[in-house]
Every structure is written in structure tokens, then in C-alpha cells.
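Subject: The structure, and some notes on it

Hi,

Here is the structure I promised to hand over. Have a look at it first, and then read on for my notes.

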Amino acid sequence: MVKLEGYLDPRFAPVAEAFMAGFSAGRDVGAAVAVTVAGDLMVDLWHGHADRRKERPWQRDTLVCMFSVTKAMASVCLLQAVERGLIDLDTPVSCYWPEFASSGKESISLRQLMCHQAGLVGFHHPVDRDILYDWPRFTRALEAEWPWWEPGSSHGYHARTFGFLLGEVLRRSSGRGIGAWFASEVAAPLGLDFKIGLPESDLPRCADILPARIRAGEAGDRAPAMEAMMRDFGNPATPTGAAFQNPAMGAGYMNTPAFRRAEIPAANGHGTARAAARMYDQLGTLISPDLLRQATSTHSIGPDQVLKSNTHFGLGFMLYHEDTPIGIRPGSYGHAGAGGSMAFHDPELKLSFCFAMNQMEGGVVSGGTSANLVAEAVYGCMY
């Protein structure tokens with residue numbers, strides 16, 4: 001029997017109770033939570049196991065894939081490049097990436113890419129699984145793509161293409177990909193144990209991701225927006241199906257060395273909850289207040305062409321919305337990941353939070369039940 005480990009400020013004792021409740025309820029197998037307030041680490045807990053057989057206890061340095069939590073990390077890299085004058089938010093992407101200009105994409109800007117308005121959510125023609133691990137092939141395929149809607153007229157979640165689009169713009173303008181930029185300009189200065197594309201030496205530290213289990217009654221309790229999304233999910237001729245199922249990766253792909261080593265800046269950042277919370281806590285040291293305000297202001301809000309629900313985005317950040325919340329209250333920004341991970345910052349309370357786990361819950365982007373219950377417990381300790 002493994003025990004709860006880590007550090008907990010006594011004022012946040014209810015957070016430990018909420019965290020452990022996820023294990024008692026059978027939702028969680030292994031997980032970690034971290035909370036900082038005004039730069040001080042208040043919660044840094046981990047518990048459970050890194051594998052299905054429960055043979056590897058979760059450790060302080062266990063790495064876990066946080067899926068789309070990575071999108072915000074990738075976006076910070078692009079915002080830094082904007083601030084350094086390497087790229088401009090409103091200049092056409094084709095000025096940095098000339099081959100991108102074909103098929104109605106000549107006017108798409110970096111701003112539209114970052115707020116999910118570009119309409120490049122997936123491929124119209126079938127592609128094979130290996131393309132996800134082959135940067136040149138994937139970006140060449142994007143060059144030949146055409147938008148699923150008129151860019152700027154609507155928005156829809158760019159589940160996997162987001163990172164390749166931003167990453168190629170950064171590579172063309174700076175000579176570095178997102179993985180390398182993040183390592184040197186974000187992770188190293190802050191001492192973050194978070195990487196986009198793992199070296200071989202880090203693979204043994206990875207927790208295995210366990211696919212979601214459908215519990216009795218859950219499928220029949222879906223909200224109308226979720227029902228609409230699931231109807232299109234398996235059909236690659238729709239924006240939803242193209243975003244998530246072209247290519248269809250099959251079970252267990254996220255636990256393969258190929259996935260963990262690849263640079264997939266929308267979906268395969270591996271790290272600790274402590275690292276993600278610290279990144280948000282220190283975000284003001286990475287980009288200027290003016291650019292951060294712009295990045296966390298509303299750019300896209302309302303019906304999402306892919307997720308079929310109302311979503312709210314800034315420049316690479318999910319913003320709080322009652323239908324697809326990030327955080328607990330308005331003003332919060334961050335990103336959630338498939339299956340239940342969530343990281344965000346509340347600027348009013350100067351609070352940064354991350355919950356990361358390996359047992360996925362249902363849902364493709366929003367933080368799961370455990371993340372939200374633990375976050376609610378955090379807020380209960382703040383007043």
C-alpha cells in the first residue's frame with residue numbers, strides 16, 4: 001500500500017482529502033497535484049501508481065503526459081518569439097512559411113492559428129498513423145490542406161494540428177522547434193521538469209496512461225453538445241472526426257516510445273504537476289504584462305465547430321467559460337488535457353494549479369471530475 005507523499009501547507013488540508021477521494025472513488029490510479037499562491041508552493045502531493053498493475057509507485061519525479069495542457073506551453077514559446085520581434089501576430093503565416101500559402105490559406109495569420117480560427121483542424125484526405133511522428137511529412141500535408149471554414153469566420157478546436165502549425169512558424173522564423181525553444185527559454189530558466197519530446201533517458205520515469213473506462217449509466221447521461229460531438233467523432237469527413245480520428249491512432253499509442261520521443265506540441269508534453277503550476281506562477285517573467293493581457297483576453301468565444309459546445313480561447317490559452325470551464329471562476333486561464341489533467345492561473349488570487357493523472361476519464365479536452373473537485377477544495381481554503 002503506497003501512502004500519500006509530498007508537501008502540504010496545513011491551511012490546505014482539505015485539498016489532500018479531496019485529492020485522496022479520487023482514489024477512494026476508483027477514478028484515479030496515479031496522480032499529482034500542485035498549488036502555488038503568490039510564488040509560494042502550498043501543495044505538492046502525489047499518490048498511487050504509474051502503471052495498471054500497480055507495481056510502480058508514483059514518485060516525486062514521475063512524468064505524465066498531460067495531452068493538451070501542452071498547448072499553453074507551446075503558446076508561451078510563440079508569444080516569446082512575438083515579443084522578440086521574430087514574428088508578428090497579424091502578419092500572414094505565409095510570410096514566414098511560403099509553402100503554406102496554397103489552397104486558400106494565404107491570408108491566415110498567427111493570431112488566427114493561436115485562437116483556433118484558421119479552420120485547419122485536420123486533414124481532408126486519409127493519412128497514416130506514422131505521420132504524427134514525422135514532422136516534415138505532417139507539415140507538408142498541412143501545406144496542401146484547405147480550411148474547413150472561412151478563416152476568421154468561426155472557431156474550432158485544433159486538437160493535434162495546433163502544435164505543428166505553431167511549431168513550423170517558430171522553426172521557420174527562429175531556426176528552433178518548440179521542443180528546443182521550450183527547453184532553453186522556459187524550462188531551463190524556471191527549473192521546470194516538463195518537456196515536449198522526451199530523450200531516451202527520461203522514458204523510464206513515465207507513467208502509463210490508462211484509457212477511460214465507461215461506467216454504467218455514463219453514456220446515457222451525456223449533455224447534448226457531447227452527444228453531437230460523439231456522433232461526428234468517428235467520421236473523418238467532419239471537422240470533429242478529422243481533428244481526432246485522422247489518423248486514428250489505436251489503443252495504447254500514448255505509451256509507446258515513439259509517441260513519448262516525438263515533438264507533438266499540441267498533445268504530448270510530459271512533466272510533473274509541480275512544473276506546470278510553477279510555469280503559470282512565473283508566466284509574468286516569461287512575457288510582458290501587456291502581451292500576457294492580450295494573450296488572455298477573449299479572441300474566440302461561442303459555438304465550437306469541433307467540440308460542438310461553447311468554448312472560450314485567448315492566444316493559445318483556454319479561458320474560463322461556464323460550458324467548458326478552465327479553472328473555477330471567471331478570469332482564470334490555462335489549459336486542460338484529454339482525460340482529466342488541468343493547469344491554470346487565477347490572476348486575482350495569484351493562484352496557480354495543476355492536477356495531472358494517468359487514469360483517463362471521459363472527455364477530450366476539459367479537466368476531469370478529480371481535477372475540478374480538487375480545485376474546488378483549493379478555493380475553499382482561500383477564503
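Before the notes, one term: helices here are DSSP runs of H or I that hold at least four residues, and they are numbered from the N terminus. Please also keep in mind that this is a predicted model.

**Helix 2**

Let me start with helix 2, which covers residues 69-83. Its 15 residues reach 22 Å from the first C-alpha to the last, close to the 21 Å expected at 1.5 Å a residue. Helix 2 is also mostly covered, with 14 of its 15 residues buried. Just past its end, Gly-85 takes a positive phi of about 80 degrees.

One residue to click on in helix 2 is Ala-74. Ala-74 counts as buried because its relative accessibility is 0%, and the cut-off for buried is under 20%. What does Ala-74 touch, once its neighbours within four places in sequence are left aside? Its contacts are Ile-178 and Pro-265. The chain also brings Gly-179 to this spot: the C-alpha atoms of Ala-74 and Gly-179 are separated by 8.2 Å, although the two residues are 105 residues apart along the chain.

**Helix 5 and how it meets helix 2**

Helix 5 takes in residues 161-174. At 1.5 Å a residue its 14 residues should span 20 Å, and the end C-alpha atoms are indeed 20 Å apart, so the two values agree. Helix 5 is mostly covered too, with 11 of its 14 residues buried. Among the buried ones are Phe-162, Phe-164, Leu-166, Glu-168 and Leu-170. The cover over the buried residues of helix 5 includes helix 2, helix 3, helix 4 and helix 6 (178-190). After helix 5 comes Gly-175, with a positive phi near 85 degrees.

How do helix 2 and helix 5 lie with respect to each other, parallel or antiparallel? Their axes come within 10 Å and cross at roughly 25 degrees. That makes helix 2 roughly parallel to helix 5, because angles under 35 degrees count as roughly parallel. The crossing of helix 2 and helix 5 is left-handed. On the helix 2 side, the contact is made by Lys-71, Ser-75, Cys-77, Leu-78 and Ala-81. Helix 5 brings Phe-162, Leu-166 and Leu-170 to the contact.

**Helix 8 and the loop after it**

Further along the chain, Gly-241 lies in helix 8. With a relative accessibility of 0%, Gly-241 counts as buried. Apart from its neighbours within four places in sequence, Gly-241 is in contact with Asp-232, Phe-233, Asn-235, Pro-236 and Asn-246. The C-alpha atoms of Gly-241 and Val-121 are separated by 9.4 Å, with their positions 120 residues apart along the chain.

Asn-246 turns up again in the backbone: the peptide bond from Asn-246 to Pro-247 is cis, with omega near 10 degrees. Pro-247 sits in the loop between helix 8 (239-245) and helix 9 (257-261).

**Positive phi outside glycine**

Lys-54 has a positive phi, near 60 degrees, in a residue other than glycine. You will find Lys-54 in the loop between strand 3 (40-48) and strand 4 (64-65). His-116 is also a residue other than glycine with a positive phi, in this case near 65 degrees. The place of His-116 is the loop between helix 3 (110-114) and helix 4 (135-144). His-116 is buried, with a relative accessible area of 0%.

**Cysteines**

How many disulfides does the model hold? The count comes to 0, where a disulfide is a pair of cysteine sulfur atoms within 2.5 Å. Why is Cys-95 not bonded to Cys-115? The closest cysteine sulfur to that of Cys-95 is in Cys-115, but it is 18 Å away, which is too far for a bond. Cys-354 is in no disulfide either, and its nearest cysteine sulfur, that of Cys-65, is 12 Å away.

Are Cys-95 and Cys-354 buried or exposed? Cys-95 counts as exposed, because its relative accessibility is 54% and the cut-off for exposed is over 50%. Cys-354, on the other hand, is buried, with a relative accessible area of 0%.

Best wishes

Note on methods. Residues numbered from 1 in each chain as written. Predicted model: local features only at pLDDT ≥ 70, side-chain atom pairs only at ≥ 80, totals over all residues. Heavy atoms only, no water. Buried < 20%, exposed > 50% of the residue type's maximum accessible area, 1.4 Å probe, protein only. Helix = DSSP H or I, 4+ residues; strand = E, 2+ residues; numbered from the N terminus. Expected span 1.5 Å × (residues − 1). Axes fitted to C-alpha atoms, helices over the stretch in contact; angles between N-to-C directions. Parallel < 35°, antiparallel > 145°, perpendicular 65-115°, else oblique. Left-handed = near helix turned anticlockwise from the far one by under 90°. Contact = heavy atoms within 4.5 Å.
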